[in-house]
Number of protein chains: 2
Amino acid sequence: MDFELKILGSASALPSPDRFNTAQLLTVGNQINLIDCGEGTQMQLMRYKVKHQRICNIFISHLHGDHYFGLAGLLSTMHLQQRTGPLHLFGPRGLAEILTLQFKYGGTQLTYPIHFNEVDTTAFTKIFEDKFMTVHSLPMQHRVPCCGYLFREKQKPRHLLKSKLPDFLTPPQLVRLKWGEDIFTENGEVLVRNADVTTDPKRSRSYAYCADTRCKEDILPYISGVDLLYHESTFLQEMAARAEYTFHSTAAQAATLAAKAQVKRLLLGHFSTRYKDLTPLLEEAQAIFPNTNLATEGKTVSVLE
Amino acid sequence: MDFELKILGSASALPSPDRFNTAQLLTVGNQINLIDCGEGTQMQLMRYKVKHQRICNIFISHLHGDHYFGLAGLLSTMHLQQRTGPLHLFGPRGLAEILTLQFKYGGTQLTYPIHFNEVDTTAFTKIFEDKFMTVHSLPMQHRVPCCGYLFREKQKPRHLLKSKLPDFLTPPQLVRLKWGEDIFTENGEVLVRNADVTTDPKRSRSYAYCADTRCKEDILPYISGVDLLYHESTFLQEMAARAEYTFHSTAAQAATLAAKAQVKRLLLGHFSTRYKDLTPLLEEAQAIFPNTNLATEGKTVSVLE
C-alpha cells in the first residue's frame with residue numbers, strides 16, 4: 001500500500017514564480033490527504049496531474065495566508081468540476097467562518113458536502129480515524145493558533161503462513177489469527193498457537209508534519225521514531241534570534257529535534273525568500289542529522305512497508 | 001505619458017498552470033491600477049517584475065473567486081514588504097468584510113492603510129478621480145453583483161506655441177491659455193486669442209473593462225469610442241445558450257458590441273478552459289470587428305497619445 005508524500009510548495013510567507021506557498025499531499029492507500037493549501041495549490045495539483053476528486057481530507061495548520069489562501073479556490077474548483085463526494089476539512093477556529101462568508105458572497109452552493117472539524121491546536125488529540133490511519137493534532141508554538149499533524153497507519157494484520165494452517169480453521173478463526181489471537185478448544189486449551197502459523201505484520205508507517213513553529217521539544221514523545229518528519233526551517237542558525245522573534249525554526253534546530261526524536265528521515269521546508277540557494281540549509285541540518293532532505297516542489301518521498 | 005494595459009490572467013473560472021485567473025494592470029502615468037486579482041496574481045506580478053508598491057488602486061469587479069482570491073495574498077505580501085503608502089480598494093459589498101475577517105484570524109495589522117470604497121455595481125457612477133484620470137463603474141449583468149470599470153484620462157492642457165506667445169504674458173495668464181481661455185484687457189477686449197497661440201491638447205485616452213457579464217447594449221453610451229475595450233468572451237457563439245444561462249458572453253457578442261460602440265480596439269479574455277486553442281475565438285470576433293486581439297498572459301497594449 002502507498003504511503004507517499006508529495007511536496008507542492010516550499011516557500012515561507014512570500015511566494016515566487018518558482019516557489020509556491022506550503023502545500024503537501026500525503027497518499028495513504030488510495031486516499032489523498034492535502035496538508036495546508038497556500039495560494040496556487042490548485043495550479044500545482046494540475047501541474048502534477050493530481051485529480052482533485054481523490055482528495056478526501058484537508059488539514060490546515062493555521063490561518064496565516066501562506067498556509068490556506070489557496071483553499072477557497074480549490075474548493076470552488078472541486079465544485080465547478082461537480083464533485084459529489086464528501087470532503088473532510090480540519091483546521092483551527094475561524095476557517096469555516098471565512099469560507100462560509102466567501103461562498104455566501106460568491107453565491108456558491110457547493111455540489112458536495114464539507115464536513116468541517118475545528119481542531120484544538122493546543123492539544124495532542126486524535127482528530128481522525130478510518131480503517132487505514134489515525135491523525136493526531138500536534139501543538140505548535142506560533143504567532144496565531146497553529147498545529148501540526150501526525151499521520152499513523154493503523155496496525156496491520158499478521159501474515160498467515162498458509163503451509164502451516166490446519167485445514168479445519170473457520171473464516172472467523174482465520175481473522176482472529178490475523179489479529180494476533182490464539183485459537184482455543186471449547187475446553188479452553190490452545191488449539192492453534194498464533195506464533196506457529198503467523199509472522200509479524202508489515203509495519204505501520206508514520207508522518208509528522210510540523211509547521212509553523214518555534215522548535216519545541218515537548219512534542220518529542222509524539223513524534224518519536226516516526227518514519228518521516230517534516231519540520232519548518234525558515235532560517236539558518238545564524239538567524240536564530242530572528243527565528244525566535246518570529247516564532248519560526250532554524251535548520252539546525254529542526255535537525256536537532258529529528259535526532260532527539262530518532263526519526264528515520266527529516267524533510268526541511270518553509271524557506272525564507274532570502275535563501276535563493278537552499279544548500280546551506282540542507283548542509284546545516286545534515287551536519288546534525290544526516291538523513292535530511294529538502295522539501296522542494298515536486299519532490300516525492302515514499303515510505304516503504 | 002504612459003497609458004498601458006498588461007494582462008496577467010486570461011482564464012475563466014478554472015485556472016491552469018498556463019492560464020491564470022483574471023488580473024490586469026493599467027498604468028496611467030506613473031501610477032499602476034490593478035483590475036481584478038485572481039489566485040496567483042502576486043506570482044504573476046513577480047514574473048513580470050512589477051513592483052507591488054507601485055500599485056495605487058485596486059478595482060475588483062465581483063466576488064466570484066476567480067476575480068479576487070489572489071487579493072488577500074497580495075495585500076499580505078505588501079504588508080510583509082513593509083508597504084507604507086495608502087492603497088485604494090474598490091469593490092462590491094462584502095469584500096471588506098471578507099478581508100477584515102481574514103486579517104483578524106491571521107493576526108495581521110497592516111503596515112499601510114487601505115481605503116475601501118464600496119461600489120454600487122448597478123449604476124454608472126464616478127468612483128475615483130485624481131489629477132490624471134477618472135474611473136466610473138459600469139453595471140454588468142452577472143449571477144452576483146458585478147461591475148466593470150471605465151478609466152478615462154482627464155482633459156489635458158493645450159499646447160502653447162512659444163514662438164507666438166507675447167512676452168508680456170504672466171504665468172497665471174499662461175495657465176489660463178493652457179486651459180483654453182482667451183486673455184482679455186482690463187476693458188474686456190481680447191488681448192490674446194487662444195486659438196492664435198495654442199494648439200489642441202493631446203487627446204485623453206480611455207479603457208473600458210467589462211467582466212463578467214451577459215453582453216448588454218445598455219452600456220453603449222458609456223463605452224462609446226473608447227480607445228480600448230476589454231470584454232469577456234468565455235464562449236464561442238455556438239455556445240450562446242450556455243453563455244446566456246451562465247451570464248457570460250461569446251466572442252461574436254463582444255465583437256458586435258465593440259463595433260456598435262465604435263471603439264478603437266477590442267481585447268477578448270476570460271476564456272473557458274474548454275478552448276485549448278484560442279484562435280477560433282479570435283477569428284469569430286475579427287470577422288465582426290477586425291481590430292480584435294486576445295488578452296493573454298503577458299500581453300501589453302499601449303495606447304498612444
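This passage describes the arrangement of the two chains, a stretch of parallel strands in chain B, the annotated site of chain A and several backbone features.

The structure is a predicted model, in which local features need pLDDT of at least 70, side-chain atom pairs count only at pLDDT 80 or more, and totals for chains, interfaces and linings use all residues. Residues are numbered from 1 along each chain as its sequence is written, chains are lettered from A and ligands numbered from 1 in the order in which they are written, and side-chain values use heavy atoms, with hydrogens and water left out.

Chain A is divided into domain 1, formed by 3-156 + 202-302, and domain 2, formed by 159-199; these bounds come from an automatic or database domain assignment. A distance of 42 Å separates the C-alpha centres of domain 1 and domain 2 of chain A.

A turn of 180° and a shift of 0.0 Å along the axis lay chain B on chain A with an RMSD of 0.0 Å. The two copies are therefore related as by a two-fold rotation axis. Superposition was by least squares on the C-alpha atoms of residues with pLDDT of at least 70 in both copies. Gly40(B) is the residue of chain B that comes closest to the rotation axis, its C-alpha lying at 2.8 Å. Because 100% of the interface residues of chain B are also interface residues in chain A, the copies meet through the same surface.

Helices (H or I, at least four residues) and strands (E, at least two) are DSSP runs numbered from the N terminus, and two strands pair if DSSP finds at least two bridges between them. In chain B, strand E4 (residues 55-59) is mostly covered, with five of its five residues buried. Here buried means under 20% relative accessible area, exposed means over 50%, and partly exposed lies in between, with a 1.4 Å probe and protein chains only. Strand E3 (residues 31-37) of chain B runs parallel to E4(B), and four bridges join the two. Within this pairing, Asn33(B) has Asn57(B) of E4(B) as its bridge partner. Between E3(B) and E4(B) the chain passes through helix H1 (residues 41-47) of chain B in a right-handed β-α-β crossover. A crossover is right-handed if, with the strands pointing away from the viewer, the path from the first strand over the helix to the second runs clockwise.

E4(B) also pairs in the parallel sense with strand E5 (residues 87-91) of chain B, over three bridges. Ile58(B) has Leu89(B) in E5(B) as its bridge partner. The chain crosses from E4(B) to E5(B) through helix H2 (residues 71-80) of chain B, and this β-α-β crossover is likewise right-handed.

In chain A, UniProt (unreviewed entry) places the feature "active site" at Asp66(A) and the feature "binding site" at Asp66(A), His67(A), Asp212(A) and His270(A). The binding-site residues span 205 residues in sequence, yet no two of their C-alpha atoms are more than 10.5 Å apart, so they gather at one spot. UniProt positions are given in the numbering used here, feature names are shortened, and annotations may be inferred rather than shown by experiment.

Asp66(A) lies in the loop between strand E4 (55-59) and helix H2 (71-80) of chain A, and is buried at a relative accessible area of 9%. Apart from neighbours within four places in sequence, the contacts of Asp66(A) include Ser12(A), Asn21(A), Asp212(A) and His270(A), contact meaning heavy atoms within 4.5 Å. His67(A) is placed in the loop between E4 and H2 of chain A and is buried, with 0% relative accessibility. With neighbours within four places in sequence again left aside, His67(A) is in contact with residues including Asp36(A), Tyr209(A), Asp212(A) and His270(A).

Asp212(A) lies in the loop between strand E14 (206-210) and helix H6 (220-223) of chain A, and a cis peptide bond with omega of about -25° joins Ala211(A) to Asp212(A). In chain B, a cis peptide bond joins Ala211(B) and Asp212(B), with omega of about -25°. Most residues other than glycine have a negative phi, and most peptide bonds are trans. Gln82(B), which is not a glycine, has a positive phi of about 65°; Gln82(B) lies in the loop between H2 and E5 of chain B and is exposed, with a relative accessible area of 56%. Gln262(B), also not a glycine, has a positive phi of about 50°. Gln262(B) occupies the loop between helix H8 (251-261) and strand E16 (266-269) of chain B and is exposed, its relative accessible area being 63%.
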